[in-house]
Amino acid sequence: MPSMATGDRQKFNPNNNRPQFGPKLLNNDQKSDVFARRQKIEQQRRSLPIASVEKRLVEEVRKNDTLIIVGETGSGKTTQLPQYLFNGGFCNNGGTIGITQPRRVAAVTVAKRVAEECNVELGQKVGYSIRFEDMTSISTRIKYMTDGLLLREALLDPYLSRYSVIVVDEAHERTVQTDVLLGLLKDVQKKRSQKTFHQSNNQANNLAAVKNENNGEMKPHLVKKLNPLKLIIMSASLDAKGFSEYFNGAKAVHVQGRQFPVDILYTAQPETDCLDAALVTIFQIHLEEGPGDILVFLSGQEEIESIEGLVRENLKKLPEPNQKLLILPLFSSLPSEKQLKVFTPAPFGFRKVILATNIAETSVTIPGIKYVIDPGLVKVRSYSPDSGIESLIVVKTSKAQALQRSGRAGREGPGKCFRLYPESRFEGLDDSTVPEIKRCNLSNVILQLSALGVDDIIGFDFMEKPDRMAVIRSLELLYLLGALTDEKKLSDPIGQQMARLPLEPNDSKALILATQFDCLQEMLIVVSMLSVESIFYAPRDKLEESRTVIKSFSSPDGDHITLLNVYRASLEFLERNKEENGKEKAEKNLRKWCKDNFINNRSLKHARDIYNQIRENVERMGLKINSCGDDMLPLRRCLAASYFLNAALKQPDGTYRVLANGQIAEIHPTSVLRRTKSECIVFYNLVQTTRNYVRNVTRIDYLWLAELAPQCYALKD
Ligand code: CDP
Ligand code: MG
C-alpha cells in the first residue's frame, strides 16, 4: 500500500452520484446541439494561449525560413499553428503544410480534432497519414503524419516538393526519426533555396507526383514552382538553444502557457509493485478526492490492460454509487475511435481514469485532468553496441519528464500529482532524457539514409552524433543481412527491397527470404502478428482457464507458429461466419470468439490491417506469395536464416546463451517453449526487466545456422 503524504483530504462528494436526467433530444435540438458544439469549439480556440499571438507567429514565419516555437503542452501549438498558417496564405501556391509527430496516436487524434475545428470532413482539407493508414486526398492542405512517414516520402520525393511548410512537432522528444528528419530537412531546405535548383524544376515536378506508399495509389500533386521550404521546429521543452544552434542561429519564439499550481505528493517508501501502488492510488483518489479526472502514466499496452482489468474487478466490489468510474486506455495501437474517447467529457457524476502510455506526457492534451499518477517509469529502446542487441527496457523518467507529467494536472485549475516514489529519488533523476539516437540500433536509420543517397553516416549532419561503435555494429548487421555491399552501398535487389518495406531490417529480410523458402504467406502473417503487442490476454482471475484455452493454439515448435495458428483459426472462423451470417454479424461473432479464446481482439484486428498493407507492399515489389501449407519446417528454417543473430543455445542450468554475444537470458514465462527447453532457439526480441527474457521464440536445429547463415556461423567439428 503506498502511503501518501496527503494533507487534509476532501471527502467524496455524494452529490456527484446523482443519476443523470435530461430532455429527450428532438431533431431541432440536435441541430442546435451541433451549433452549440461549434460555438464551444470556437470559444475554446479563442481562449488558447497561442490565440493571442496568431498574427505575430504568422509574421515570424513569413520573415524567417526556419523558426523555433517553444510553448507549454496545451498552449495550442499542434492544433492551431497549422490553421493560422493556412489562413495566412501559406498554401496559396498549392503547397501543403505537413506536421510531423513522433507518435501515431497524436497524428490521428489531432487531425480529427483539427478537421472538426475547421468544420471539414477528415481526409479532405485536413488529413493524416501514418504507417499502414492513409487519410489524405489531393485536396489535403494540412497533413499530420508521423516523422517516419515523412522520411519514407522523401525516398520518392527528395525535395519534399508538395510541402510549402514542414512543422516538426514534439522535437524535444528527440526520437531517432525526428533527429534523422531534422538533418534531412536542413539539407532539403538548403537545396530548395539554391538558385541552380530551378533548372531542374521539371524533374522536381515529376517527383511531385508522389506515389503514396501507404496505399499504392498515385496522388498527383503539381507544384508550379518550388518555393523555399519553411521549417518550423516545435518543442514543449523550454530549452530552444540546442535547436537554434543546429539551425544556424534560427529565431526562437516562446508561447506563454497557462499553468495552475500542482501539489506534488510522494510516497514515504519506495514501492515494490508499481501496478499495485497505482491501483491503490486510483481508488484512493476516486473515493477521497473531489471531482476531476485521473491520468495514470504506464509503460505499455500490457501494463495498461492488466491494470484496466484490475480496476474493473475492484470497482464491482464497491457500493453502487461509487462505481461511476470510466476506465479509458490510451496507447498507440488502440483503434482510433477508442483513442478519441479520452477527449469526451465523462457523463454527469462520472469520473474518468485514463490509463496512458507516455503519449499523454506532451503529445496529446486531455481536458479535465486534475489528478496525475506517475509511477516514474517509461519504456525506452536500449541498444548495446557490445552485444549488438536492442531491447525495450523500463527505466526511470528524467526530471523534465516528471515535471511534464505533473504539469498535466494543472491545465484547467489547481491539481495534484501522486508520484509513486519517495522524494529523495526525484533528486537523483537525470535532468533530461538522452536522445534516442544515442541508445538504439541504427540499422534502420542507416538503411533509410542509404536509400536517400547518404552513404557516409558518420559524416551526416546530425544534431547529435550517434555513437561510433553503434554505427559500426549497425553497419555490420546490415552487411550480414546482405543489405549493404562491401562499399557500404545498398545492395541490389536485397538492400533496395529492404529499404522499401516499412519494417525493421530483420523483418524485411525475413519476408524477402520467405519467397525462397516457399512460405511468404505464412511469414507475412508471422511478421504482422509480431508487429502488435500482446495477442493473448489473460485476466488474473481466469489464469488457469486461459492457459488451457491458449494451449489449443500452441505449437511445440514455438511462439511464431502459435501466432500463425491463432491468425489462421480466426480467419477460418471469420470466413465461415461470413458465409452463414454476413459480414457485420461475423465481425461481432469474432469479437466473442476472441473473448472466449482469451485473444486480444483489437491486437488481432490491427495485425490483420498490417497484414493487408505489407502484403500489398511485397506484391508490388514482385515477390511471389507462396505457402508452405501445414509443413512448418520451411518457416522455421526461414526464421533461422533471417533472425540468425538472435540464436541462442541452451545452457546446462536451463538458461540460454545468445550465440552472437554470449548474453544470458531466460525464455519469457508467456512463451509456449517455456517448459520444453529446446536445445537451440531463435527469438524475436529481448526484454530486460529484473532479468533478461527472450520473447517470441522458435525451436531450430543449430546445424541450420552454419548452413543458412555461413556469414556468421561456422561448424567447428
Ligand atoms: O500542441 P499543444 O500541446 O501546445 O496543444 P494542442 O495539442 O494544440 O491542444 C490545444 C487544445 O486542444 C487543448 O486544450 C486540448 O484539450 C484540445 N484538444 C482537444 O480537445 N481534442 C483533441 N483531440 C486535441 C486537442
Ligand atoms: Mg502538441
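In strand 14, I354 is the bridge partner of L295, and this pairing is a convenient place to enter the structure, which is a predicted model. I354 is also the bridge partner of L328, so that two pairings meet at one residue of strand 14.

## Strand 14 and its partners

Strand 12, which covers residues 293-297, is joined to strand 14 by four bridges, and the two run parallel. Strand 13, made of residues 325-330, is likewise parallel to strand 14 and is joined to it by six bridges. Strand 14 itself takes in residues 351-356 and is mostly covered, with six of its six residues buried. In a regular strand the side chains alternate between the two faces of the sheet. Strand 14 can be read in that light, for R351, V353 and L355 point one way, whereas K352, I354 and A356 point the other way, and all of these residues are buried.

## The surroundings of ligand 1

Ligand 1 is surrounded by 16 residues, of which the closest are K77, T78, T79, R113 and T365. The elements that give two or more residues to this shell are helix 3, residues 77-87, and helix 4, residues 104-118. Helix 3 contributes the most, with four residues. By class, the residues of the shell comprise four that are nonpolar, 10 that are polar and two that are charged.

## Helix 4 and the residue that follows

How does the span of helix 4 compare with the value expected at 1.5 Å a residue? The 15 residues of helix 4 should span 21 Å, and the end C-alpha atoms are 21 Å apart, which agrees. Helix 4 is mostly covered, since 12 of its 15 residues count as buried, a class that requires 20 or more other C-beta atoms within 10 Å. The buried residues are R104, V105, A106, A107, V108, T109, V110, A111, K112, R113, V114 and A115; R113 is also among the residues closest to ligand 1.

Helix 4 is followed by N119, whose phi is positive, near 60 degrees, although N119 is not a glycine. N119 is found in the loop between helix 4 and strand 3, the latter being residues 126-130, and it is exposed because 10 other C-beta atoms lie within 10 Å.

## Helix 16 and the loop beyond

Helix 16, residues 468-480, has 13 residues that should span 18 Å at 1.5 Å a residue, and the 18 Å between its end C-alpha atoms agrees with that expectation. Within helix 16, the residues A470, R473, S474, L477 and L478 are buried. They cover an arc of only 140 degrees around the axis, which means that they sit on the same side of helix 16. An α-helix has 3.6 residues a turn, so residues three or four places apart point the same way. On the other side of helix 16, R468 and M469 are exposed. The cover over the buried residues of helix 16 includes strand 16 (377-384), helix 15 (443-451) and helix 18 (505-516).

Just after helix 16, G482 takes a positive phi of about 85 degrees. The loop between helix 16 and helix 17, where helix 17 is residues 494-500, contains P493, and the peptide bond from D492 to P493 is cis, with omega near 5 degrees.

## Individual residues outside these elements

D518 lies in the loop between helix 18 and helix 19, the latter being residues 520-530. The phi of D518 is positive, at about 60 degrees, although D518 is not a glycine, and with 17 C-beta neighbours inside 10 Å this residue counts as partly exposed.

N93 is placed in the loop between helix 3 and strand 2, which is residues 96-101, and N93 counts as exposed because it has 12 C-beta neighbours inside 10 Å. N314, by contrast, lies in helix 10, residues 301-316, and counts as partly exposed because it has 15 C-beta neighbours inside 10 Å. Each of these two residues has a partner that is separated from it in sequence, as the table sets out.

| Pair | Separation in sequence | C-alpha to C-alpha distance |
|---|---|---|
| N93 and N227 | 134 residues | 8.6 Å |
| N314 and F283 | 31 residues | 8.9 Å |

Key:
Residues numbered from 1 in each chain as written. Chains lettered and ligands numbered in written order. Predicted model: local features only at pLDDT ≥ 70, side-chain atom pairs only at ≥ 80, totals over all residues. Near = placed C-beta within 6 Å. Nonpolar A, V, L, I, M, F, W, Y, C, P; charged D, E, K, R; others polar. Expected span 1.5 Å × (residues − 1). Arc of directions from axis to C-beta. Contact = placed C-beta atoms within 7 Å. Pairing = 2+ DSSP bridges.
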